[in-house]
Amino acid sequence: MKVNRSYHVDWFVSREPRRDVTLRIENGRLQSISAGRSADAIHLQDVVVMSGLVNAHTHLEFSSLRTPISTGGRFTDWIRAVIMHRRQNPTDVGDAIREGIRESVESGTTQLGEIATVGWSVEDFSHHAFHGAVFQELLGLSPERIAQQLELARSHTRRRLGSPVVGLSPHAPYSTHLDLVDGSVQLAQETGCTIAMHLAETQAELELLAEGTGEFREMLTDFGLWQSEFFPGGRRPLDYLRRLSQAPRSLIVHGNYLDEEELKYIAEHPQMTLVYCPRTHAAFGHSPHPWRRLLELGGQVALGTDSRASNPDLNLFAELQFLAARHPEQSHVDLLQLGSNAGRRALGANVPDCADLTFIELNNGSIQDPTQELFTADSRPCGTMIAGQWAWLAEHIRDRFRS
């Protein structure tokens, strides 16, 4: 339902908080923000309106999981368990995607950065409230596989998905040959699409790049994929960053073990964004994440949930609550930028003044200072507006919002 009306709210929070304002929405755009309450505005009591939340990294194919796959033990043990789950629990990927979109929208998310593998169709995204980017995942180490995956990438860049944009995702250093990474970047240059790649996710990945040894070598050997010339040693994440920086936009996913030189490199390239998945990072017990250091250096950071294979849900608002609780020194308004505008810019699906809005219900009444009270434990999303249309409203407030 297209919304052409005004709302009066106690707080509107985007790049800065504004108190006691009327929001005018027309033809899918946030037409104006004016002080006070206009005569025709609907007053929304005990509600904060925020810039729409953006989940910059997820894998919706796992949305049917009710609990995460165990993250204990080695990372490659988790990968093996994920592969085993796929084999033993065949599901309709389309059903999982649609369930994941529904869950995301019903937790206040307005855009998603989805990594799509196999078994999905355009219809899985076109008939739902999905905005953002669909990245085709690319994996391959052998020459034959590289050629096949580049053809898949070319086909994907020609897709017309409607509101989502298309992107490419060479998966990770341990699964993607450098020639496939280079080919993906070249396609991105030709088409203007965005690249997303998992990088510096584990210490074991760094060992594989530097020495050609460790648990990833063991796993690839077990899968019949190991060839020593693929991993000659002497490499590091910076080698991949230099390639990814040649794309119009690139997302560096996880980046748990980027060093100072690599963080500085990202900061020097504003088209690059580090995507941090806080609760997944914590579930694997990684060392402290370098997201705050990258911000100090002037770099770009966005947030994601990863998937239900490593996270109990797809709730980006819960990621912000998690960060706010663990980093009380961080302004909540600054955290919101990571969970909204930074992700929107990184995905390349940004539309100026688009009325993508997240509505937060304050169960403890009004707030006095959004910089510290926006993500309190007893607040929760109650409505999601995408391009000026209600994508979701909590049942108990539907009449109040639509009247």
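Accessible areas here come from the Shrake-Rupley method with a 1.4 Å probe. Keep in mind as you work that this is a predicted model.

**Exercise 1. Get a feel for the whole chain: how much accessible surface does the chain have, and how compact is it?**

Step 1. Start with the outside. The accessible surface of the chain comes to about 15900 Å², and carbon and sulfur atoms account for 46% of that.

Step 2. Now the overall extent. Along the principal axes, the C-alpha atoms fill a box of roughly 70 × 45 × 40 Å.

Step 3. Check compactness. The globule rule gives 22 Å for 403 residues, and the chain's radius of gyration is 21 Å, close to that value, so the chain is as compact as a globular protein of that length.

Step 4. Look inside. Of the 403 residues, 59% are buried. Take the contacts with a separation of 6 or more: 72% of them join residues 24 or more positions apart.

Step 5. Count the building blocks: you'll find 16 helices and 15 strands.

**Exercise 2. Work out how helix H5 and helix H8 pack, and which residues make the contact.**

Step 1. What do you need? Two packed helices are described by the angle between their axes and the distance between the axes.

Step 2. Find those values. H5 (residues 178-191) and H8 (residues 237-244) have axes 9 Å apart, at an angle of about 25 degrees. Angles under 35 degrees count as roughly parallel, so H5 is roughly parallel to H8.

Step 3. List the partners. H5 brings Leu178, Val181, Asp182 and Val185, while H8 brings Tyr240, Arg243 and Leu244.

Step 4. Sort them by class: 5 are nonpolar, 2 are charged and none is polar.

**Exercise 3. Do the same for H8 and helix H9.**

Step 1. H9 covers residues 260-267. Its axis lies 10 Å from that of H8, at an angle of about 10 degrees, which makes H8 roughly parallel to H9.

Step 2. On the H8 side you have Pro237, Leu238, Leu241 and Arg242. They meet Glu261, Glu262, Tyr265 and Ile266 of H9.

Step 3. By class, that's 5 nonpolar and 3 charged residues, with no polar ones.

**Exercise 4. Decide whether Val82 is buried or exposed, then find its contacts.**

Step 1. Locate Val82: it sits in helix H1 (residues 75-88).

Step 2. Its relative accessible area is 8%. Buried means under 20%, so Val82 is buried.

Step 3. Skip the neighbours within four places in sequence, and Val82 is in contact with Phe62 and Ile69.

Step 4. For one more distance, try Ser70: it is 12 residues from Val82 in sequence, and their C-alpha atoms are 9.5 Å apart.

Terms used: Residues numbered from 1 in each chain as written. Predicted model: local features only at pLDDT ≥ 70, side-chain atom pairs only at ≥ 80, totals over all residues. Heavy atoms only, no water. Axes fitted to C-alpha atoms, helices over the stretch in contact; angles between N-to-C directions. Helix = DSSP H or I, 4+ residues; strand = E, 2+ residues; numbered from the N terminus. Parallel < 35°, antiparallel > 145°, perpendicular 65-115°, else oblique. Contact = heavy atoms within 4.5 Å. Nonpolar A, V, L, I, M, F, W, Y, C, P; charged D, E, K, R; others polar. Rg over C-alpha atoms; globule rule 2.2 N^0.38 Å. Buried < 20%, exposed > 50% of the residue type's maximum accessible area, 1.4 Å probe, protein only.
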